[in-house]
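Reader: I am new to looking at protein structures. Could we go through this one together, a question at a time?

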Amino acid sequence: MAARYMLTRGALNTFGLHRQLVPRSPATTQVREKKRWMKAYTHLMAKKLKLEGPPPPKPRWQQPNWDYHSEVQAFSARLHENFSLELLKTAFVNPCYLQAEQRRRQRLGLDSETTALLLEDNLQLSEKGAGLTQSFLTDWCRASFPGLPHDGVSCVVGHLTGPSVVCYVARNLGVEDLAMSAEFPVPDETLRSTFMAVVGALEGSSGAERAAFFLRDFLSTQLIGKDLFDMWPVVDPMGLLVEELTKRSLPPPEPRLIRSAGASTVLPLYFVGLYSDGKLLAQGPGETLVGAEEEAARVALRKLYGYTENRRPFDFSPQQQHQPTLLQSVGGN
């Protein structure tokens with residue numbers, strides 16, 4: 001009995017010693033990936049963000065790793081333009097920034113004479129650039145679309161020089177990060193004025209011809225994929241078509257129903273063709289006969305003005321016929 005007890009005890013001791021010597025598998029080791037305070041902290045930060053909202057955006061110059069002089073030089077090199085650094089820095093200084101900075105220094109009790117701002121605003125450069133932009137784009141539209149009337153040219157130029165297009169180009173070029181303004185994000189009107197000042201600085205640095213090429217490359221290309229009548233709202237396209245045909249000594253258009261589908265359903269479709277002197281000018285679809293007739297008139301006007309969807313792409317090669325027109329348009333400024 002005693003021998004049996006000793007044998008059983010020895011076996012148990014051997015098994016226990018084996019368990020102590022065999023290391024525990026890493027797969028079964030319990031490791032807590034997150035700290036105990038992380039859940040409460042994350043919940044508190046999410047609740048704070050929901051109540052207060054996201055923090056206001058900071059301009060780039062208030063963030064670390066910012067060298068304004070280097071950024072201005074990089075802006076000139078990135079565009080492959082030869083800017084005068086003094087003119088380019090002046091182009092980024094808006095009058096609202098100078099006024100806000102002056103008020104801030106007065107609130108701090110600083111002497112206005114000893115702490116005067118030795119900066120010049122960009123009003124003159126902005127006016128100069130806006131004048132060049134207006135004259136160049138007008139001449140370029142007339143050369144690219146000779147059949148377009150004066151009202152159409154004015155609307156196209158107004159679209160290209162409007163705040164939406166100019167601010168879109170300016171933000172993609174990085175003008176907003178360098179613009180010195182009292183508000184951030186920079187208002188559209190201030191950003192547009194800054195872009196025009198950059199154009200004026202380029203004209204003063206490299207000449208009007210180089211500034212015209214800059215406008216051609218960045219503003220004129222915004223017409224790609226844009227419909228004419230999205231920029232030029234025409235209330236009565238049929239009346240305008242009659243005027244254009246009369247100028248060309250052609251008989252007035254005659255609308256005719258070409259084909260239709262689903263006339264008795266909820267979604268009918270009509271195709272109306274416009275004929276003049278027995279020739280088909282254009283055809284257009286519509287849910288009603290009146291709508292199809294107006295759409296056909298717009299299609300005919302696009303053909304007369306040379307502003308169709310399948311028109312020849314703009315040729316920006318310097319050897320082509322657009323080059324003399326470009327030089328002539330900027331030569332008078």
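Reader: Which residue forms a salt bridge with Glu101?

Author: Happy to start there! This is a predicted model, where local features need pLDDT of at least 70, side-chain atom pairs count only at pLDDT 80 or more, and totals for chains, interfaces and linings use all residues. Residues are numbered from 1 along each chain as its sequence is written, and side-chain values use heavy atoms, with hydrogens and water left out. A salt bridge here is a side-chain nitrogen of Lys or Arg within 4 Å of a carboxyl oxygen of Asp or Glu; with closest N and O atoms 2.5 Å apart, the partner of Glu101 is Arg104.

Reader: Why are Glu101 and Arg104 separated by about one helical turn?

Author: Helices are DSSP runs of H or I with at least four residues, strands are runs of E with at least two, and both are numbered from the N terminus. Glu101 and Arg104 both sit in helix α5 (residues 95–107), and their separation is about one turn because they are three residues apart.

Reader: Is Glu101 buried or exposed?

Author: Buried means under 20% relative accessible area, exposed means over 50%, and partly exposed is in between (1.4 Å probe, protein chains only). Arg104, at 38%, is partly exposed. Glu101 has a relative accessible area of 12%, so the word for Glu101 is buried.

Reader: Which parts does the salt bridge of Arg171 and Asp188 tie together?

Author: The side chains of these two residues meet at 2.9 Å, N to O. Arg171 belongs to one helix and Asp188 to another, so the pair links parts 17 residues apart in sequence: helix α8 (residues 163–173) and helix α10 (residues 188–206).

Reader: How many salt bridges does a search of the whole structure find?

Author: Another of them joins Arg302 and Glu295, at 4.0 Å from N to O. Of that pair, Arg302 is buried at 13%, while Glu295 is partly exposed at 24%. Salt bridges with shared partners also join Glu101, Arg104 and Arg105 into one network. The search of the whole structure gives a total of eleven.

Reader: Nice! In what order do the three strands form their open sheet?

Author: Strands pair if DSSP finds at least two bridges between them. Seven bridges join β2 (residues 269–276) to β3, and one of the bridge partnerships is Tyr270 with Gly286 in β3. The pairing in the sheet is antiparallel, and the order is β1-β2-β3.

Reader: Why is one side of β1 and of β3 left without a neighbour in the sheet?

Author: Look at where β1 (254–261) and β3 (279–286) stand. Each has a single partner strand, so one side has no neighbour, because both strands stand at the edges.

Reader: Which residue takes a positive phi in the hairpin of β2 and β3?

Author: This hairpin has two residues between its strands. The residue with a positive phi near 60 degrees is Asp277.

Reader: Which residues form a nonpolar patch on the surface?

Author: Patch residues have over 30% relative accessible area and no salt bridge; like charges are joined within 9 Å, and nonpolar side chains (Val, Leu, Ile, Met, Phe, Trp, Tyr) within 5 Å. Accessible areas come from the Shrake-Rupley method with a 1.4 Å probe, and for residues only the protein chains shown count as cover. One patch member lies in helix α2 (residues 38–52), namely Tyr41, which is partly exposed at 45%. With about 440 Å² of accessible area together, the patch is formed by Trp37, Tyr41, Leu44 and Met45.
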